[in-house]
Every structure is written in C-alpha cells, then in structure tokens.
Amino acid sequence: MPTAVLGSDEFHAPSPASFDLPAVFNLGFDVTKPMLLLALSVPVIVLFFWAASKERAVVPSKLQFVGEYVYGFVRNGVARDSIGSQDYLRFVPLLFSLFTFIVLNNYYSLIPFLQFPSFSRFSFVLPLALLVWVVYNAVGVRKHGLVGYLKHVCIPPGVTGPVLALIIPLEFLSTILVRPATLALRLFANMFAGHLLLILFATGAAFLIFDSGNAWYAPVGVLSFILGILVSFLEVLVLFLQAYVFTLLTAMYIGGALADEH
Amino acid sequence: MPILSEIVLSLVVFAILYFLVAKFVVPNFEKAYADRTAAIEGGIEEAQAAQKEAQAALEKYNAQLADARHEAAAIREEAREQGAQIVAEMRQQAQAEADRIVAAAQAQIAAERQQAIAQLKAEVGGMATELAGRIVGESLADSDAQRRTVQRFIDELEGSAN
C-alpha cells in the first residue's frame with residue numbers, strides 16, 4: 001500500500017484497496033455496501049417511473065412530466081436518433097433500463113452516506129458490457145445471418161483489393177473484440193478515478209487540518225477541501241455523461257448492426 | 001474480493017430492472033405518447049372539419065345574398081315596367097277623355113250653329129219682306145206669293161252658299 005509520511009502520523013493515501021469495502025453481512029457470500037446499493041436501485045427506479053407513468057395522462061402532471069422528460073430523452077434522443085425510426089422501439093426498454101440504472105448508481109457517489117459509485121467495481125460493469133455485446137451481435141446476426149453479419153462488420157463498402165487483408169482483421173478487432181472492453185473500461189475507469197479523487201481530497205484535507213500535527217499544513221488542507229468540492233461539481237457532470245455515453249454507444253452499436261449498408 | 005458474486009448480482013439485478021421497466025414503465029409512457037398523438041391529431045381533424053363547415057356556411061350565405069340581390073333587381077325591373085304601363089294607360093285614358101270632350105263640344109257647337117242658322121233664316125226672311133214692303137210702299141205681308149218669293153230667294157242663297 002503506497003503511503004506518504006507527513007509529520008509524526010502516517011497518511012494512508014487512497015488506493016484500489018479503498019474500493020474493497022467490508023462485508024455488511026454474510027449470506028453464504030459477503031454482502032457489501034455496493035451490492036446493497038446496486039440492488040436498491042431497482043425499486044427506486046421502478047417505483048419512481050411507475051408512479052410517474054401510471055396515470056398515462058394526455059396532459060401530464062409535474063411528476064409525469066419529469067418521468068416523460070427522462071424517458072423521452074432516452075427514447076427520442078438516444079434510441080430513435082441512433083437506431084432509426086423503424087426498429088428503435090423494441091430497444092427502448094433496454095436502453096432506458098441501462099441509462100437509469102447507470103445514472104442512479106453513478107449518482108450514489110454524491111449522495112451523503114451512500115457515497116459510492118457502484119460501477120467503480122469492475123465486476124459490476126463487466127456483465128453490462130458483455131450483455132450489450134451479446135445484444136448488438138445477436139441483433140446483427142439475426143438480421144444479416146452469421147456470414148452476412150461478419151461481412152457487414154468487417155468489410156466497409158467501397159473497399160476492394162489487397163487492402164482488405166489489412167482492413168478485415170482491423171474491423172473485426174475493433175467491432176467485435178475492442179468494443180466491449182472499451183465500453184466497460186470507460187465507465188469503470190471514470191467512476192473509479194472520480195471516486196478516488198474525491199477520497200483523496202477528502203481524507204487529505206482531514207489529515208492535513210486535523211491529524212498532521214503541523215499548523216502550516218492547515219491552509220493546504222483547506223485548499224484540498226475546496227478542490228474536493230470543485231471536483232464534486234465536476235463529478236455531477238461526469239456521472240451523467242458516462243451513463244449517457246454508455247447508453248448512446250449501446251444504441252449506436254445496435255444501430256450499426258442493424259444498418260442495411262454502411 | 002467477491003468478484004463472482006458481484007458479476008452474478010449485477011446481471012440478476014439488471015435483468016429484474018429490465019423486466020420491470022419493460023412491463024410497468026415503458027408501456028405506460030408509450031400509451032401516454034400514443035394518446036397524446038391521437039388527441040392532437042383529433043384536434044387538428046376537428047378544426048379542419050369546423051373550418052370546412054364555416055366555409056360551407058359562408059358559401060351558402062353568399063349564394064342566398066346573391067339570390068336576394070337578383071330578386072330585388074327583378075322586382076325593381078317589374079315595378080318599373082308596371083309604372084311605365086300605368087303611365088301609358090293613364091295617358092291613353094286622358095287622350096280618350098280629351099277626344100270625347102272635344103267631340104262633345106264640336107257636336108254642341110254644330111247644333112247651336114244649326115239652331116242659329118234656322119232662327120236667322122226665319123228672322124232674315126221676315127225682316128227682308130218688311131223692308132221690301134216699306135221700300136215699294138205696299139204691304140206684301142200677308143200675301144202667299146210674297147212668302148213664296150222670299151222662300152225661293154233664301155233657297156237660292158243657300159244654294160249659292162253651298
């Protein structure tokens with residue numbers, strides 16, 4: 001564990017180990033806070049949007065308007081624009097679930113006492129990225145057939161001749177192999193880094209002001225605290241953006257797999 | 001590190017979320033969208049129908065107005081013709097009346113003249129005889145021959161006058 005020695009006390013800088021939280025209780029396997037938070041997001045999302053949509057009013061109430069705003073954002077802004085108006089409706093449940101699931105789990109990181117972005121655990125992100133990978137490839141294979149889909153993926157239109165020997169492996173690599181990895185890593189790394197930064201500024205400020213035993217460090221601690229607050233505001237943006245990007249890329253992958261021509 | 005349990009949990013939790021969202025949330029929103037679209041389209045159709053109706057009413061009123069104008073023109077024309085006819089009739093009547101009056105006056109004048117001529121004849125005969133008697137110095141008043149002479153004279157006069 002990397003450490004920094006400051007004054008008489010030791011400062012333990014946050015590390016990947018900071019993301020391994022102790023078990024809250026045990027059900028044959030350890031149940032941790034991120035697990036509980038992840039599970040909590042289901043009733044929160046479903047109850048909120050069910051309450052917002054159950055009236056099905058032509059003239060929406062405030063709650064329904066908020067619900068419809070989010071739903072319309074995913075339905076029209078992400079699904080329809082990326083997949084095309086012919087096929088998008090059957091993917092709206094998936095994209096809406098993904099978006100709300102990721103957004104809420106991301107914003108846990110800024111809610112007092114919860115304060116943990118679920119997707120800074122790679123093992124939470126990986127299944128989602130693999131699920132997306134399975135969906136868009138399955139959709140493509142179903143539409144074009146296995147060979148047709150591989151052709152569709154690997155051979156850009158208008159490319160002929162010996163350059164295909166270079167293009168085909170590259171396209172295969174980027175579309176079939178790299179996509180799930182980047183999708184998962186992008187979300188995980190952003191959540192991980194953002195949370196790590198917040199921990200660093202928060203624990204650093206606390207140590208410098210209270211525990212360092214050196215009064216000269218206190219102003220630096222205050223600066224660290226202020227920076228922590230500023231980073232929190234940055235995180236407000238990043239947390240939303242990563243959920244949006246994950247959903248948008250999923251929609252674009254599906255749209256690309258469904259496209260008739262490139 | 002509970003990695004496997006986390007992977008499984010993430011999948012299960014997301015599967016449940018997907019199921020609930022697809023069953024309870026998306027259909028509601030889609031229903032609201034569809035209803036709203038229908039309501040807006042219905043409103044547009046209604047407005048179009050109302051506009052068409054208004055247009056039809058306007059056309060009807062215009063047609064009625066044109067009819068009324070036409071009718072008024074016809075009535076005016078008829079009245080003018082009738083007036084002209086009445087004037088002509090009146091003129092004719094007045095003419096006839098005037099003719100009648102003139103004729104009556106002429107007849108009266110002729111009768112009076114006839115009367116005056118007859119009277120004159122009688123008086124002129126008497127006066128001429130008397131005058132002639134005085135001139136010749138002898139009264140021929142009661143003689144039949146004298147009366148015959150006078151009558152003959154007057155007849156000659158009338159014959160030359162005619």
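Which residues in H2(A) meet Val92(A), Leu95(A), Phe96(A) and Phe99(A) in H3(A)? Keep that one in mind while you get your bearings; we'll come back to it shortly. One thing to know before clicking around: this is a predicted model.

**Stop 1: chain A, the whole thing**

Select chain A and colour by secondary structure. You should find seven helices and four strands. Walk along the sequence and the order reads β-β-β-β-α-α-α-α-α-α-α. Turn on the principal axes if your viewer draws them: the C-alpha trace spans about 70 × 60 × 40 Å along them. Chain A has 262 residues, and 35% of them count as buried. If you like contact maps, take the contacts in chain A with a separation of 6 or more: 61% of these come from residues 24 or more positions apart.

**Stop 2: H2 against H3**

Now select residues 62-83 of chain A, which is helix H2, and residues 92-107, which is helix H3. Their axes come within 10 Å and cross at roughly 120°, so the two helices count as oblique to each other. As for handedness, H2(A) passes H3(A) in a right-handed crossing.

Show side chains here and you can settle the opening question. On the H2(A) side, the residues are Tyr71(A), Val74(A), Arg75(A), Val78(A) and Ala79(A), and they meet Val92(A), Leu95(A), Phe96(A) and Phe99(A) in H3(A). By type, the residues of this contact divide into eight nonpolar, no polar and one charged.

**Stop 3: the loops on either side**

Start with the loop between H2 and H3 of chain A, and pick Ser85(A) in it. Is Ser85(A) buried or exposed? It is exposed, with 10 other C-beta atoms within 10 Å. While Ser85(A) is selected, add His195(A) and draw a distance between the C-alpha atoms: they are separated by 38 Å, and the two residues are 110 apart along the chain.

Next, step back to the loop between helix H1 (33-53) and H2 of chain A, where you'll find Arg56(A). Check its backbone torsions: phi of Arg56(A) is near 50°, a positive value in a residue other than glycine. Arg56(A) has 17 C-beta neighbours inside 10 Å and so counts as partly exposed.

Then go to the loop between H3 and helix H4 (122-144) of chain A and select Phe113(A). What is the phi of Phe113(A) near? The value is near 75°, again positive in a residue other than glycine. Phe113(A) is exposed, with 7 other C-beta atoms within 10 Å.

**Stop 4: chain B**

Hide chain A for a moment and select chain B. There are two helices here and zero strands. The radius of gyration of chain B is 62 Å, well over the 15 Å that the globule rule gives for 162 residues, so chain B is more spread out than a compact globule. The principal axes show it too: the C-alpha trace of chain B spans about 200 × 20 × 20 Å. Of the 162 residues of chain B, 7% count as buried.

**Stop 5: where the chains touch**

Bring chain A back and select the contact between the two chains. How many residues does each chain put in? Chain B gives 27 residues and chain A gives 31. Colour the chain B side by residue type: the residues that touch chain A divide into 20 nonpolar, three polar and four charged.

Definitions and conventions. Residues numbered from 1 in each chain as written. Chains lettered and ligands numbered in written order. Predicted model: local features only at pLDDT ≥ 70, side-chain atom pairs only at ≥ 80, totals over all residues. Rg over C-alpha atoms; globule rule 2.2 N^0.38 Å. Buried ≥ 20, exposed ≤ 12 C-beta atoms within 10 Å, placed from the backbone. Axes fitted to C-alpha atoms, helices over the stretch in contact; angles between N-to-C directions. Parallel < 35°, antiparallel > 145°, perpendicular 65-115°, else oblique. Left-handed = near helix turned anticlockwise from the far one by under 90°. Contact = placed C-beta atoms within 7 Å. Nonpolar A, V, L, I, M, F, W, Y, C, P; charged D, E, K, R; others polar.
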